[in-house]
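Let's take a walk through this one together. Have the sequence and the 3D view open side by side, and click along as we go.

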Amino acid sequence: MTAIKHALQRDIFTPNDERLLSIVNVCKAGKKKRNCFLCATVTTERPVQVNVVKVKKSDKGDFYKRQTAWALRDLAVVDAKDAIKENPEFDLHFDKVYKWVASSTVEKNTFISCIWKLNQRYLRKKIDFINVSSQLLEESVPSGEHQSVAGGDEEAVDEYQELNAREEQDIEIMMEGCEYAISNAEAFAEKLSRELQVLDGANIQSIMASEKQVNILMKLLDEALKEVDQIELKLSSYEEMLQSVKEQMDQISESNHLIHLSNTNNVKLLSEIEFLVNHMDLAKGHIKALQEGDLTSSRGIEACTNAADALLQCMNVALRPGHDILHAVKQQQQRFSDLREQFARRLASHLNSVFVQQGHDQSSTLAQHSVELTLPNHHPFHRDLLRYAKLMEWLKNTDYGKYEGLTKNYMDYLSRLYEREIKDFFEVAKIKMTGTTREGKKFATLPRKESAVKQETESLHGSSGKLTGSTSSLNKLSVQSSGNRRSQSSSLLDMGNMSASDLDVADRTKFDKIFEQVLSELEPLCLAEQDFISKFFKLQQHQSISGTTTNEAEEMDGGTLSRLHTSGVSQTISSEKDMIRQMMTKIFRCIEPELNNLIALGDKIDSFNSLYMLVKMSHHVWTAQNVDPASFLSTTLGNVLVTVKRNFDKCISNQMKQMDEVKISKKSKVGILPFVAEFEEFAALAESIFKNAERRGDLDKAYIKLIRAVFVSVEKVANESQKTPRDVVMMENFHHIFATLSRLKISCLEAEKKEAKQKYTDHLQSYVIYSLGQPLEKLNHFFEGVEARVAQGIREEEVSYQLAFNKQELRKVIKEYPGKEVKKGLDNLYKKVDKHLCEEENLLQVVWHSMQDEFIRQYKHFEGLIARCYPGSGITMEFTIQDILDYCSSIAQSH
């Protein structure tokens with residue numbers, strides 16, 4: 001136990017400036033025996049504090065830890081259970097009764113005795129010791145009040161006492177005088193004994209001689225004892241006085257502690273009050289600005305903005321625990337809430353009136369734009385409203401309901417305003433488009449009055465962008481260069497509703513400028529409005545894009561935006577960027593149908609306009625997507641681009657369909673087919689339009705479709721032609737196609753260009769051979785017989801011995817073809833070719849030259865046969881090659 005006591009003193013109590021006086025090993029009564037120690041301790045500093053400490057061994061190691069401590073002054077009763085019999089149980093009554101069982105009765109009695117002594121020494125408080133043996137308490141009573149109570153608890157001094165320095169010195173002197181003591185201890189002891197006896201005798205004699213002095217000394221000792229008793233009585237009285245002073249000082253110490261605690265609480269209370277006053281007090285100027293501030297002037301708006309921010313800071317202050325239950329805090333919060341509600345209502349009402357007033361001012365300027373193809377500028381309106389942007393942000397953060405109401409009102413009113421402006425704008429554009437047609441050119445096939453055109457334009461306003469009955473202008477816009485082509489194309493124009501030749505490049509260029517101006521006016525209008533919405537309503541434009549489509553967004557109104565703000569992500573649009581797109585869709589809901597109507601009108605006026613629209617729309621879509629691929633402008637223009645592309649494809653399909661349905665006159669020669677000339681016009685126009693365009697791929701695909709259809713249709717018409725030989729139709733039209741492709745240098749049609757050239761060459765050769773035929777028919781038949789004999793195995797030089805093919809027969813046949821007859825036959829052939837060929841392609845001289853070459857080739861063939869089969873006969877043709885050249889040249893010049 002001593003080792004444990006020293007360990008506890010060292011590890012636990014010494015670091016806390018305490019001294020361990022007694023220890024008992026105990027466990028709680030009636031429970032599992034988990035041993036611990038109760039320790040009686042006193043502090044080393046004054047005033048001395050006496051404690052009973054419970055120490056327990058740690059579960060994670062062999063060290064001890066302090067668990068509970070009770071002040072001895074809180075101890076009311078010590079119950080030892082039985083004062084007669086030995087019993088290890090005892091109770092300590094603090095705030096409640098603690099029942100303990102000591103490991104031994106001795107430890108228990110020692111601990112209780114120590115408690116009694118500490119009580120007597122330091123507390124002078126009445127602690128009831130019940131069922132405690134009186135002998136245990138009595139034997140512990142000190143003989144003098146001044147003795148240390150702790151001294152009774154200390155262990156008795158052992159009998160052995162250490163020598164002091166003087167005693168050691170005397171023993172050393174004696175041992176030096178008796179050197180033999182080291183070798184003979186008995187002799188040394190005997191000598192010491194004899195000397196001690198001598199000394200005792202001397203002392204007795206001295207005492208006996210000084211008896212009188214002894215009596216005097218005894219008397220003095222008695223007097224000293226009396227003085228000591230008196231001093232002890234005084235000391236006892238002094239101790240009683242000091243004890244009362246100690247108690248008073250303890251009371252003063254406790255009072256000082258309470259005063260210190262009160263001061264600390266007062267400082268904390270002052271800090272809390274200062275916190276509430278500093279953070280929840282709104283200046284009178286701010287209150288006045290919120291209640292009466294001018295929302296029309298810049299200075300008033302700034303004052304209201306500062307006041308609103310200050311109010312928001314007061315309302316959003318992070319209160320400390322307990323502040324929210326204070327009545328004053330609740331009152332202040334209610335006051336702030338009332339101010340917020342009042343100012344939010346006043347701000348919403350003012351902004352609504354600003355929307356209305358600005359809309360009226362904007363409508364007043366609408367008349368000056370009614371005759372111009374421009375849209376009103378909303379920059380002043382945006383500039384005035386942006387002064388309220390910070391207040392809108394405040395309203396969004398404090399009262400989303402009113403913020404949402406303003407959003408809905410803005411969308412409703414601005415959508416009506418923009419609808420009027422945009423419809424008037426598109427009306428002007430349509431008038432300019434149709435006015436060009438009415439004023440410049442008249443419809444040739446089906447002339448219509450201006451009222452009819454106007455009626456058609458008005459019908460387009462209410463349409464959904466689909467036009468029925470419009471025909472491709474590829475079949476209607478070919479350039480007729482001869483009377484024959486005009487007569488042929490007039491039959492084709494009967495299939496359409498509008499004239500083909502009345503619309504020229506100037507008209508299309510003007511349409512292109514009008515359409516470009518429309519897009520150029522709409523684009524900055526939408527971008528400016530989107531930028532304003534983002535800044536004014538404090539919506540971010542850089543967040544992720546959700547999957548809501550434009551059609552879904554068109555149906556959303558202000559109520560939908562409320563549901564979007566409060567419902568889950570799976571049912572709503574999550575980002576503020578989508579809210580911008582929805583607001584833009586609501587405000588500019590008329591742009592897409594108006595654009596579709598304008599596109600339908602342009603396509604009805606001239607289907608070639610779809611080429612211009614496809615290029616312009618593609619460029620604007622590309623530009624918008626580079627800025628923001630998910631913006632309202634990009635989405636809307638993308639949707640309209642689909643319509644334009646559909647019209648372009650429809651234009652190509654109609655042209656192909658009309659190629660398939662084309663009919664030719666049976667009484668006149670075919671010449672260059674209309675759709676071949678129209679393809680040339682289409683390609684030339686398309687190349688000028690699509691130069692450096694983004695959608696060049698669409699045109700290349702259309703080229704492939706059209707050229708294949710042209711090839712098929714040319715062959716079809718050539719096969720059906722009755723007036724003009726098939727080879728002439730193929731030759732002239734493929735020559736025209738080849739010339740067109742060579743001039744335009746369309747890279748995607750290189751293969752078709754080679755194919756056209758091949759077809760032209762093949763059919764030219766075929767026509768020459770077919771048309772020229774056998775101009776020297778009898779001579780040709782004669783030599784065919786000669787070739788037949790040679791083929792049968794007769795040698796060439798022996799053919800002249802055949803009866804039917806002798807020299808006489810050859811001379812007879814040659815005489816039938818004098819130069820005059822040959823020239824006459826060639827002249828008839830030239831007239832025949834001239835009737836077959838058309839003037840536009842100018843292939844007569846080419847064909848005539850090919851025929852001349854073919855005739856000379858036949859002539860040379862005949863001369864060769866004569867030289868081989870009739871050698872040495874001297875037979876020759878009655879005309880020479882030079883005569884043939886002269887005949888052909890003379891005939892060509894005469895015609």
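What follows goes from the whole chain to the sheet, then to a few loops and a surface patch.

Keep in mind that this is a predicted model. The chain has 895 residues, and 44% of them count as buried. Its secondary structure comes to 31 helices and eight strands. The exposed surface adds up to about 49500 Å², with carbon and sulfur atoms supplying 51% of that. If you look at contacts between residues at least 6 apart in sequence, 72% of them join residues at least 24 apart.

Now for the sheet. In which order do the eight strands line up? Reading across, you get β4-β3-β2-β1-β7-β6-β5-β8, an open sheet with mixed pairing. At the edges sit β4 (64-71) and β8, each of which pairs on one side only. Neighbouring strands are turned by 30 degrees against each other on average, if you ignore direction. As a reminder, strands of a sheet pair through backbone hydrogen bonds, either parallel or antiparallel.

Zoom in on β1 (residues 18-28) and β7 (residues 97-102). These two run antiparallel, and three bridges join them. Within this pair, valine 26 stands opposite alanine 102 of β7. Two helices to look at here are α1 and α2. Helix α1 (residues 2-13) packs on the sheet, where it touches β1, β2, β3 and β4, and its direction makes about 115 degrees with that of β1. Helix α2 (residues 105-123) packs on the sheet too, with contacts to β1, β2, β3, β5 (77-79), β6 (89-93), β7 and β8. The direction of α2 makes about 140 degrees with that of β1.

Next, the loop between β2 (36-43) and β3 (50-57), which is where you'll find proline 47. The peptide bond leading into proline 47 from arginine 46 is cis, with omega near 5 degrees. That's worth a second look because most peptide bonds are trans. Glutamine 49 is found in the β2–β3 loop as well. Leaving out residues up to four places away in sequence, glutamine 49 touches Thr41, Val42, Thr43 and Arg73. With a relative accessible area of 32%, glutamine 49 falls between the 20% and 50% cut-offs, so it counts as partly exposed. Glutamine 49 and leucine 123 are 74 residues apart in sequence, yet their C-alpha atoms are 9.6 Å apart in space.

Backbone angles give us two more stops. Most residues other than glycine have a negative phi. Asparagine 131, though, has a positive phi of about 60 degrees. You'll see asparagine 131 in the loop between β8 (128-130) and α3 (134-138), and at 36% relative accessibility it is partly exposed. Much further along, lysine 745 also has a positive phi, near 55 degrees. Lysine 745 lies in the loop between α25 (726-744) and α26 (750-772). Is lysine 745 buried or exposed? Its relative accessible area is 68%, which is over the 50% cut-off, so lysine 745 is exposed.

Last stop: a nonpolar patch on the surface, made of Ile207, Val214, Ile216, Leu217, Met218, Leu220 and Leu221. Together these residues have about 610 Å² of accessible area. Which helix gives the most to the patch? That's α7 (residues 211-279), with six residues. Methionine 218 sits in α7, and its relative accessible area of 42% makes it partly exposed.

How values were computed:
Residues numbered from 1 in each chain as written. Predicted model: local features only at pLDDT ≥ 70, side-chain atom pairs only at ≥ 80, totals over all residues. Heavy atoms only, no water. Patch = residues over 30% accessible without salt bridge, like charges linked within 9 Å, V, L, I, M, F, W, Y side chains within 5 Å. Areas by Shrake-Rupley, 256 points an atom, 1.4 Å probe, with all protein chains shown as cover. Salt bridge = Lys/Arg side-chain N within 4 Å of Asp/Glu carboxyl O. Helix = DSSP H or I, 4+ residues; strand = E, 2+ residues; numbered from the N terminus. Buried < 20%, exposed > 50% of the residue type's maximum accessible area, 1.4 Å probe, protein only. Pairing = 2+ DSSP bridges. Axes fitted to C-alpha atoms, helices over the stretch in contact; angles between N-to-C directions. Contact = heavy atoms within 4.5 Å.
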